[in-house]
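Please open the model in a viewer and keep the selection panel at hand. The tour proceeds stop by stop, with a selection proposed at each.

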Amino acid sequence: MTYRAPVADIAFTLKHVAGVGRALDERLYGDLTEDLVDAVLAEAGKFASDVIAPLNRVGDQHGTPLRGGAVTMPPGWRQAYRDWAAAGWNGLAAPADWGGQGLPHALNAACIEMWNSASMAFALGPFLTMAGVEALAGHGSDELKRTYLPRLVSGEWMGTMQLTEPQAGSDVGALRTRAERAGDGTYRISGQKIFITYGEHDLTDNIVHFVLARLPDAPAGTKGISLFVVPKFLVNADGTLGARNDARCHSIEHKLGIHGSPTCTMVYGDAGGAVGYLLGEENRGMNCMFTMMNNARLAVGVQGVGIAERALQQALAYARERRQGRAAGAEAPGVSGPAPIIAHADVRRMLMTMRALTRAARTICYATAVATDRAHRADDKAERHRAHERASLLTPVAKAFSTDIGVEVASLGVQVHGGMGYIEETGAAQHLRDARIAPIYEGTNGIQAIDLVTRKLPLSDGAAVKAYLDELRETVVAVAAVNDPALGHTAARLAEAVECLDRVTAWLLGRLEKEPDAALAGATPYLKLFATTAGGVMLADEALAAIRTSGPDPAGRMAIARFFAENLVVQASGLERTVVEGADSVAEADAALA
Ligand SMILES: Cc1cc2nc3c(=O)[nH]c(=O)nc-3n(C[C@H](O)[C@H](O)[C@H](O)COP(=O)(O)OP(=O)(O)OC[C@H]3O[C@@H](n4cnc5c(N)ncnc54)[C@H](O)[C@@H]3O)c2cc1C
């Protein structure tokens, strides 16, 4: 089953729920017009559907074999990547000074969704390059920028992001890769990195590695980490490729999914040390890496939306075709024949859950991207600060919720297919295998929940989260005022959930210092409560926007908002209990886990 980019839905959410429409009116994006936004989305949708999506299966089956130190990418991928880069997609949101188009991150996020629906494994490499561009543009010296940025922005070269080592996964501060000062302003890097995405491949002639390493006199932990640019091939003064650097791919991992994405063990310094160039300041590498990671975390969240959309489209098509049993209340089989399975209430429930979760995650991701744009572009300093805090608050929610629902939706997609879902030839199983990595990499979802509770809730003494809750309340009041019977109990369920979220937020903030374990035990259910409430409110807002603007399918949008509120948002009170009352049983887990 192929993928058709849902361009109209994406455009509507982006403009009317996430805030791109308001930003255009306020000229946050300069001369950018709505027509141009629509045109970019339409072109991206075409490229994703027509060029990338047909390569998804081939990537899964071919994998990325390593022979003699070289990785061969799946058939067709090199040409598709080059066409994609030549069309300017890699530099969509990159700075115009370095050859990018300087378009909104929010627009790029929408495109990233489509690339990922088409093929998660294909889209993964490019967005790591985009994250590298951000880090280099934000922290690089003029010379580093001149040498690397134009070719990373154009996509002529790709980037990688290298934190993980065998003993340093979630705990990045434990990394041991060494960097020695070479005396000429460069550094020599030696050590090993594992699980490095696109660490070696044949899509581009050079690969620019962004590697975290430690100087000999560095303090312990994350305060002693520096970030280095380590190219696969050194670059001569005239810009041509020079000697091969002392950095190589030792092996490729065999993994559950994203088979088209090479996951590499990288070895540095077999021949005396790879040449590395410091990015930012010594021992302040985590600062630069956070620039990369925030960008990549949102993009991974968007991966969850992308894979969910693809799984949904496939399940919907199958449910309309597959006939089995008779629908409740219909004539006996033989009279009217077996019904398409979409006629069965339980299958409809699965499909509605898939659609509602996908749309809710999309609104959260796009709203996060718009906040990021405001944080960079707003004229007013106070507004930039508020937007930065909003983006910081929402990023872990966008990453964790969207990737969790990516797995849930892909799993429901298999279920809708019945036995055929478990058989590889339908492709439903590939979506589930591919989706499973996203809650793990770019900071596991457990780490995202801890980040939300321990670092993001306390922002501005709790004022950042309070301002967000106030905005949610305002929308709920507007939903109640519409009073349309098609929205059922939506306003009431949302109002209850916002109050739950408010109470639990206060409870957690009150415990962070005195009982940190209790707060940490509830972090994951709290993130789910946060995302479910926010997603429910945004879906209702989307329904109101469709009514207000005579936008596409207001009846469908109201039905989705209502389903989400009446079937999923109602979990809020249970999640409140889980956080507040469940912490003690987690603390007592020793006996049960003995
Ligand atoms: C396919 C793939 C691609 C990847 N690509 C890259 C890449 O390009 N670059 C890169 O640098 N890395 C990459 N990674 C590594 C990835 O980011 C790590 O696997 C991830 O950060 C988790 O680290 P870990 O595997 O060591 O798990 P661990 O850190 O050992 O975690 C195991 C479990 O313990 C939990 N846990 C750990 N510490 C805590 C804590 N303090 N509190 C609560 N729970 C905790 C985790 O949430 C998790 O559930 C990739 C991994 C894979 C599988």
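A residue counts as near a molecule if one of its heavy atoms lies within 4 Å of it. This is a predicted model, in which local features need pLDDT of at least 70 and side-chain atom pairs count only at pLDDT 80 or more, while totals for chains, interfaces and linings use all residues. Residues are numbered from 1 along each chain as its sequence is written, and side-chain values use heavy atoms, with hydrogens and water left out.

**Stop 1: the ligand**

Select the ligand and the 18 residues around it; M161, T164, S170, F195 and T444 come nearest. By class, this shell holds nine nonpolar, seven polar and two charged residues (Ala, Val, Leu, Ile, Met, Phe, Trp, Tyr, Cys and Pro count as nonpolar, Asp, Glu, Lys and Arg as charged, and the others, Gly among them, as polar).

Next, display the polar contacts, that is, pairs of N or O atoms within 3.5 Å. In the side chain of S170, an N or O atom is 2.6 Å from an oxygen atom of the ligand. The side chain of T444 likewise places an N or O atom 2.7 Å from a ligand oxygen. At L163 the partner is a backbone N or O atom, which lies 2.8 Å from an oxygen atom of the ligand. Taken alone, the ligand exposes 970 Å², of which the protein buries 61% (accessible areas by the Shrake-Rupley method with a 1.4 Å probe).

**Stop 2: the pocket that holds the ligand**

Which space does the ligand take? The ligand occupies the largest pocket, where occupancy requires that more than half of its atoms lie within 2 Å of the grid points. On a 1 Å grid over the protein atoms alone, a pocket is an open set of points with protein on both sides within 12 Å along at least five of seven lines, and lining residues have an atom within 4 Å of a point. The volume of the largest pocket is about 1,200 Å³, a volume being the space filled by probe spheres set on the points.

Of the 47 lining residues, select T164, G169, Y441, E442 and G443, the closest to the pocket centre. Then colour α7 (120–139), β3 (158–162), β5 (187–197), α9 (285–321) and α14 (445–456), the elements that give two or more residues to this lining. Helices (H or I, at least four residues) and strands (E, at least two) are DSSP runs numbered from the N terminus. The largest share of the lining, five residues, comes from α9, whereas β5 gives the most to the shell around the ligand, with three residues. The pocket lining divides into 21 nonpolar, 14 polar and twelve charged residues.

**Stop 3: the second largest pocket**

Move to V17, A18, R22, R390 and E471, which lie nearest the centre of the second largest pocket among its 32 lining residues. This pocket has a volume of about 990 Å³. Its lining draws most on α15, with nine residues, and comprises 15 nonpolar, five polar and twelve charged residues.

**Stop 4: the cavity**

How many cavities of 30 Å³ or more does a search of the whole structure find? The search finds one, a cavity being a set of points where a 1.4 Å probe fits but cannot get out. Select R359, L539, E542, R557, I560 and A561, which line the largest cavity. Its volume is about 40 Å³. Helix α19 (554–568) and α18 each supply at least two of the lining residues, and α19 gives the most, with three. This lining has three nonpolar, no polar and three charged residues.

Note on methods
Polar contact = N/O pair within 3.5 Å; in protein donor to acceptor, adjacent residues only side chain to side chain.
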